[in-house]
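Trainee: I would like to learn how to read a structure like this one. Where do we begin?

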Amino acid sequence: MAGQTLTIPELSVVVLVGASGAGKSTFARRWFLPTEIVSSDFCRALIADDENDQAATPHAFEVLHTIVAKRLELGKLTVIDATSLYPEDRKRYLELAREYHAIPVAIALALPASVCLERNATRTDRTLREGVIRRQVEAARQSLRQLEREGFRYVYVLRTPEEVDTATVVRTPLRPNMHRADTGPFDIIGDVHGCLDELLELLRVLGWQVEGDCPTHPDGRKAVFVGDLIDRGPNSVGVVQLVRRMVEAGVAYAVIGNHDEKLIRYLRGRKVQVSHGLERTLQELEAHPEPLRHELRTFLESLPSHLALDNGKLVVAHAGIQQPYIGRSSPAIRDFCLYGETTGESDEFGLPVRLNWAADYRGSALVVYGHTPNPDPLWQNNTVNIDTGCVFGGALTALRYPERETVSVPAKQVYYAPVRLTFARPELGTPTLRYEDVAGKQYIQTRLHGTILLREDKTAPALETLSRFGVDPRWVIYLPPTMAPVEASNEPDLLEHPDEAFAYYRHQGVHQVVCEQKHMGSRAIAIVCRDTGVPRKRFGVPAETLGVVYTRTGRRFFNDPAWEAALLQHLRDAATTAGLWDALETDWLLLDAELMPWSAKAQELLRLQYAPTAAAGIAALHAALAIAPAELQPTLQARLDALHRYRDAYRRYCWQVHCPDDLRFAPFHLLASEGAVHAHKPHTWHLEQLARLCEAGHALGRPVLQPTEWKLVDTTDPQSQAESIRWFLDYTEAGGEGIVVKPLEFIVRGKRGLAQPALKVRGREYLRIIYGAEYTLHLDALRERSVGRKRTLAVQEFALGIEALERFIRYEPLTRVHQCVLGILALEAEPVDPRL
Amino acid sequence: MLLTITTTYQPATDLGYLLHKHPARVQRFGLGWGDAVVFYPEATESRCTAALLLEINPVALVREREHQLSAYVSPQAYTVNSMMSTALTEVFRTAMAGRCEKRPELVNTPLPLEAYLPTLPCRGGETLLRELFEPLGYTVEAHEIPLDEAFPEWGASRLYQVRLRHTIRLYELLRHLYILIPVLDGAKHYYISAAEVDKLIRQGQEWLPDHPTRERIILRYLNYRPTLVEQAIASILRDEATPEEPPADDELPFEARLERPLSLQAQRIGAITATLKSLGARRVIDLGCGGGALLTALARERAFEQLTGLDVSLTALRIAERKLKAELAKGRVRLLHGSLLYLDDRMQGYDAAVLMEVIEHIEPMRLEMLEQVVLGHAQPRAILLTTPNREYNPLFGLLPDQRRHPDHQFEWTRAEFEAWAGRVAKQYGYRVRLSGIGDAHPEYGYPTQMAVFERSA
């Protein structure tokens with residue numbers, strides 16, 4: 001005889017109910033992983049060394065509840081192996097199931113007392129008195145009637161040893177996860193609301209063949225509907241029929257919308273308010289026979305609350321979803337997916353006041369939803385609302401995935417007058433950064449370099465820096481990584497030489513490197529916007545500016561806002577003249593640059609440290625030379641020369657700045673623009689784009705933008721290297737800081753993971769500012785330096801910087817961008833020789 | 001780096017006996033951070049000069065764990081500073097002790113002496129230099145060294161070429177220099193511990209008690225470390241009643257100097273404590289607790305059951321931790337690292353939150369986040385918030401666009417504060433009342449303004 005089939009959803013809390021000796025543990029072991037089973041005996045043993053120590057029971061259950069809660073939080077099916085004979089025992093499990101949106105399942109082993117007694121007698125580990133067993137069997141029997149009422153969604157009862165032995169447990173995926181493994185590609189379509197013509201048009205634009213009963217796509221794309229197929233529009237029945245055929249043919253998926261849900265309730269004979277366009281659908285239905293109504297109802301009832309696709313990287317839900325709900329199923333989740341998060345209040349138009357769940361969304365899955373119409377697709381954090389109000393005369397929009405492009409067709413007419421007269425584009429609200437998300441020990445997953453660990457004692461100072469001095473975190477989408485120098489050179493009078501850089505990259509298998517002039521000023525990150533609306537629209541920063549300029553630690557670069565505004569205005573105009581906005585299809589640019597003179601930012605340091613060193617050194621050495629005996633003279637003279645050279649070195653990087661035109665801004669990376677991180681383009685692309693920008697700046701008659709000179713060098717060609725070495729020596733002797741050697745490609749994987757993205761080679765005179773005025777007199781001691789730690793940090797920070805940008809352009813939650821940026825600052829707090 | 005001592009006493013070469021260093025030789029002494037070289041540029045019967053030249057290895061000066069780039073480029077290697085004092089005691093130990101076996105009578109003979117210090121840093125300028133040496137009888141000749149002729153706008157160097165002339169015993173000159181060089185520099189190259197009090201007593205007991213600026217010398221020599229200063233004053237001026245003399249103005253933080261006569265900080269703490277009690281608050285969180293001044297006061301009150309301090313600065317928290325050690329051990333006081341710009345569940349569940357002189361440190365654009373964090377998320381039953389009243393600033397002698405502290409991002413007028421408090425109260429469901437702290441001025445109001453928010457039922 002075939003036994004019962006016990007169907008258990010993948011994320012369930014399975015509560016075994018039965019007397020001691022009913023065979024619960026044996027049954028559990030047969031059908032579940034040992035780690036899925038949490039038994040009270042085990043918990044007792046865990047804390048009291050004895051699984052029969054009844055005194056430990058209350059504590060054991062505390063442990064058991066905690067384990068169950070943690071497993072459910074992580075989305076793991078959990079089986080509770082305890083007698084669970086009384087409603088009060090089971091209540092806690094039902095609460096946990098509700099809290100974590102797991103399905104409560106009860107399996108009762110209601111075996112006769114005789115069986116239990118017999119088994120109990122043969123047990124060697126413990127025996128219970130007969131009375132106890134009999135009471136338990138009776139309690140189990142009484143439980144049977146109550147289980148469903150208590151809230152268990154599935155209740156299975158096994159009454160004989162045979163039934164227990166022949167039962168089969170089958171796990172089923174939850175509806176939202178049925179197609180999780182499907183990687184698409186997908187065309188996700190917004191709220192159709194009966195606009196059949198526009199739907200067919202949109203499918204055609206997307207490349208679907210719409211002739212015949214069921215559209216198909218030549219590339220095997222699948223359509224995903226975000227729900228609200230019906231109501232308000234002219235042909236709701238037609239739309240549902242089309243979508244049904246597509247779903248049945250396996251070329252489409254759909255999730256349920258609130259309008260669809262309401263129709264189900266109506267068709268089930270429930271009393272619903274006929275309004276908000278339902279009246280039109282009902283009118284249409286009158287013309288159709290009963291079988292069709294039944295077909296519609298069955299189809300709509302089959303639709304899941306949401307769908308997780310592409311292995312969980314893509315989620316589609318009608319009104320949106322919160323991170324912990326994804327892939328789970330419960331009435332609360334269904335409500336959220338249908339209606340979003342509402343306050344329960346209505347606004348002046350009688351529409352529900354919605355809370356902005358998307359503003360709080362911090363998940364890594366892209367959530368595509370609809371429900372609330374907007375003039376354009378609305379990206380926020382890692383979510384996009386593609387309801388563009390077709391039925392109200394807007395457009396029907398699809399999101400192509402994984403391309404992340406939106407495609408829209410305009411409505412042919414206004415089918416339904418919107419209640420709200422204008423579509424208000426919701427603000428990107430105040431960012432909800434949480435302390436717990438950025439503080440303490442952090443692990444950050446990066447695309448380029450795997451997981452990067454940030455230690456707690458380093459994230460705290462990073463947080464302090466950004467909190468106390470940083471600009472609005474919504475601006476800080478990037479911080480520059482540190483850069484390692486070359487290994488020490490063995491040239492007699494140089495500490496650093498390009499040869500070591502060429503050798504490094506040659507060893508990494510890189511043949512073409514770019515040598516860029518290194519400017520000596522202060523690092524500046526500039527976000528330049530096309531107009532003053534962009535900060536609010538794209539960055540969520542409520543400021544009417546053309547962007548921001550900040551330092552390598554996220555501080556505002558200029559104390560005077562007028563200077564920042566002047567520089568940004570010029571950068572914007574130059575970008576316009578250079579045609580960058582259209583060429584890159586963007587309305588903002590992120591520039592990585594050096595801002596000169598050094599004295600503009602380092603004034604205090606110069607005044608209190610660098611200049612007094614020269615003043616004191618020169619005065620003291622003059623005084624000493626005037627009186628010192630001959631044997632001391634040569635050394636003192638050499639030291640005085642060094643001091644003079646040192647003073648010459650820092651003076652070259654200083655000039656008085658009276659107005660913004662006295663500044664020099666030398667960009668060398670065009671790191672990102674809308675939809676793109678330009679880390680996949682070679683450095684020559686960056687330098688050419690930026691050269692155009694600088695030319696445009698000069699064409700506008702302003703001297704501020706300074707191009708970066710560079711040379712392409714072949715690391716296997718001695719001739720090519722010799723030329724660049726000469727160039728380096730000339731430049732640095734004339735006072736230049738040095739050069740930066742970068743592989744032609746922005747990102748290079750070498751022999752052991754990511755290669756250094758750049759190596760700096762600093763000139764002899766410049767290094768006096770770093771190693772001390774007289775360092776050239778102690779070169780041999782200084783050559784023994786280790787660059788390993790610095791290089792590890794350079795690669796990690798580089799990966800975090802690119803990661804921050806990749807997350808930003810994908811509209812991922814601010815927290816996820818912020819974590820990377822804080823990570824860079826945290827790594828900067830690691831102790832490394834600051835002279836490297 | 002260089003110090004010379006010249007005498008015109010006849011025979012001048014006796015200076016070699018007093019210093020225990022032969023005028024014909026160049027002698028080198030190893031010190032931890034480099035060498036001290038002694039030589040005589042001039043040694044005749046009529047005039048003799050001894051030079052002490054320090055060859056300092058700048059890298060050896062960089063303290064461990066001090067990862068400051070600027071440490072490698074430091075004027076310390078070239079100035080006359082505490083390293084010179086150390087070198088004096090190492091190289092001229094016997095002379096400083098006032099002993100000389102070959103010429104014992106000379107030790108106590110005042111000699112015409114000139115000390116030449118080519119690069120003497122004077123924090124406090126020439127005025128302080130004269131105030132320190134002239135009362136001891138020196139003729140002071142000082143020229144300031146330009147900081148950088150190419151950039152006159154960078155200002156003065158506070159670095160002087162100095163000649164000090166006096167007819168005085170050699171050991172006295174050495175002891176004066178030993179103490180006063182670091183006093184002028186206002187810094188030492190090593191950690192200041194209790195041993196410094198002994199050094200000050202040893203080298204200063206004979207002349208310091210009578211010096212007119214002795215308190216200032218003690219304060220600066222001991223780097224204002226209160227316990228050390230107390231010890232030193234007690235032993236050096238033991239017979240006198242010690243007048244309570246606060247540090248001179250330019251040695252206090254700007255804000256403290258401005259507000260000192262009012263002791264506004266104390267009044268704020270008093271007002272906040274009283275208000276918290278009147279609200280019946282038992283669990284209080286001090287947001288932006290800094291070094292724990294308010295928490296320390298609140299901890300004295302039994303009315304408060306749980307006190308939590310939160311600050312973003314780890315340095316401030318470490319100071320608070322030291323101050324509140326006992327209370328922390330009892331668990332009644334807790335300290336948290338956190339930021340007012342990040343939502344934080346740990347801030348929830350308090351009867352009252354205090355933001356004492358905090359908001360003015362937040363960039364105005366980010367204030368919106370602070371509002372959300374405190375009023376929107378932490379949601380204490382009551383919030384006490386103080387901030388400067390800008391209208392009062394003229395009474396501190398500030399210019400219209402000047403703020404009380406360089407880190408203040410803004411300072412509000414009474415109207416601005418009222419408008420802000422009213423708006424956020426409405427937005428987040430609080431009632432607000434405004435008041436002031438300090439001595440009110442009929443026109444400008446109170447120096448500090450306070451808002452008390454209470455959550456509407």
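Mentor: Begin with a definition: a salt bridge is a side-chain nitrogen of Lys or Arg within 4 Å of a carboxyl oxygen of Asp or Glu. Keep in mind that this is a predicted model.

Trainee: What is the idea behind that rule, and how far apart are N and O in the salt bridge of Glu149(B) and Arg647(A)?

Mentor: In general, side chains of opposite charge can pair when their charged atoms come close. Here Glu149(B) and Arg647(A) form a salt bridge with 3.9 Å from N to O. The rule finds six salt bridges across the interface of chain B and chain A, and 86 over all chains when the whole structure is searched.

Trainee: Where do Glu604(A) and Arg607(A) lie in helix H21 of chain A, and how many residues apart are they?

Mentor: Both belong to helix H21 (residues 598-627) of chain A; because they are three residues apart, about one helical turn separates them. Their side chains meet in a salt bridge at 3.4 Å, N to O.

Trainee: Back to the interface. How many residues of chain B are in contact with chain A?

Mentor: On the side of chain B there are 54 residues, in contact with 72 residues of chain A. The area buried between the two chains is about 5200 Å², and carbon and sulfur atoms give 64% of that area. Tyr78(B), Trp154(B) and Tyr342(B) supply 15% of what chain B buries against chain A, more than any other three residues. As for polar contacts, 16 residue pairs are found across the interface, both residues being at pLDDT 80 or more.

Trainee: Which element gives the most to the side of chain B that touches chain A?

Mentor: That is H16(B), with six residues. By kind, the residues on this side of chain B divide into 30 nonpolar, 13 polar and eleven charged.

Trainee: Now the sheet. How do I read a strand order?

Mentor: In general, strands of a sheet pair through backbone hydrogen bonds, either parallel or antiparallel. In chain B, seven strands form an open sheet of mixed pairing, in the order E10-E9-E8-E11-E12-E14-E13. Strands E10 (333-337) and E13 (430-437) of chain B each have a single partner strand, so one side of each is left without a neighbour in the sheet. From one strand to the next the twist averages 20°.

Trainee: In which sense do E11 and E12 of chain B pair?

Mentor: Parallel, over five bridges. One of the bridge partners in E12(B) is Ile383(B), which pairs with Ala353(B).

Trainee: Which strands of the sheet does helix H14 of chain B touch?

Mentor: Helix H14 (residues 314-323) packs on the sheet against strands E9 (306-311) and E10 of chain B, and its direction makes about 165° with that of E10(B).

Terms used. Residues are numbered from 1 along each chain as its sequence is written. Chains are lettered from A and ligands numbered from 1 in the order in which they are written. This is a predicted model: local features need pLDDT of at least 70, side-chain atom pairs count only at pLDDT 80 or more; totals for chains, interfaces and linings use all residues. Side-chain values use heavy atoms; hydrogens and water are left out. Two strands pair if DSSP finds at least two bridges between them. Helices (H or I, at least four residues) and strands (E, at least two) are DSSP runs, numbered from the N terminus. Axes are lines fitted to C-alpha atoms, for helices over the stretch in contact, and angles run from 0 to 180 degrees between N-to-C directions. Contact means heavy atoms within 4.5 Å. Buried area is the accessible area (1.4 Å probe) that two parts lose on being put together, summed over both. A polar contact is a pair of N or O atoms within 3.5 Å; within protein, one must be able to donate a hydrogen and the other to accept it, and residues adjacent in sequence count only if both atoms are side-chain atoms. Ala, Val, Leu, Ile, Met, Phe, Trp, Tyr, Cys and Pro count as nonpolar, Asp, Glu, Lys and Arg as charged, and the others, Gly among them, as polar.
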